[in-house]
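Subject: Structure handover

Hello,

Please find the structure below, with the sequence. My notes on it follow.

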Amino acid sequence: MKIIDLTLPLYDSMPVFEGDPKVEIKQIHYLEKEGWNLRTFFVTTHIGTHLNVPIHMMKGGKNLDDYA
């Protein structure tokens, strides 16, 4: 089987679907100050490379697990 990676990178303030919350990736701890690096990562499930399934738009629709 040939696998083609269609994954797009996620980054702070990347374009989102109109009306969706913006992607926020913020550095909150720094190696030089706290001794470690740490970032917060806020995204919705409808961002970047993803797959929509029926439950996304219809009540009682199938979830991805239902296709396994």
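To begin with one residue: Leu 38 belongs to strand 2, which covers residues 38-42. Please keep in mind that this is a predicted model.

Is Leu 38 buried or exposed? Neither: its relative accessibility is 37%, so Leu 38 counts as partly exposed, given that buried means under 20% and exposed over 50%.

Leu 38 also has a part in a surface feature. Together with Ile 28 and Trp 36, Leu 38 makes up a nonpolar patch on the surface. The accessible area of these three residues together is about 280 Å².

Now the protein as a whole. It contains two strands and one helix, and their order along the sequence is β-α-β. The radius of gyration is 17 Å, whereas the globule rule gives 11 Å for 68 residues; the computed value is well over that, so the protein is more spread out than a compact globule. Along the principal axes, the C-alpha atoms fill a box of roughly 50 × 35 × 20 Å.

On burial and contacts, the figures are these:

- Buried residues make up 7% of the 68 in the protein.
- About 6300 Å² of the protein is exposed, and 60% of that comes from carbon and sulfur atoms.
- Among contacts with a separation of 6 or more, 19% are between residues 24 or more positions apart.

Regards

Conventions:
Residues numbered from 1 in each chain as written. Predicted model: local features only at pLDDT ≥ 70, side-chain atom pairs only at ≥ 80, totals over all residues. Heavy atoms only, no water. Patch = residues over 30% accessible without salt bridge, like charges linked within 9 Å, V, L, I, M, F, W, Y side chains within 5 Å. Areas by Shrake-Rupley, 256 points an atom, 1.4 Å probe, with all protein chains shown as cover. Salt bridge = Lys/Arg side-chain N within 4 Å of Asp/Glu carboxyl O. Helix = DSSP H or I, 4+ residues; strand = E, 2+ residues; numbered from the N terminus. Buried < 20%, exposed > 50% of the residue type's maximum accessible area, 1.4 Å probe, protein only. Rg over C-alpha atoms; globule rule 2.2 N^0.38 Å. Contact = heavy atoms within 4.5 Å.
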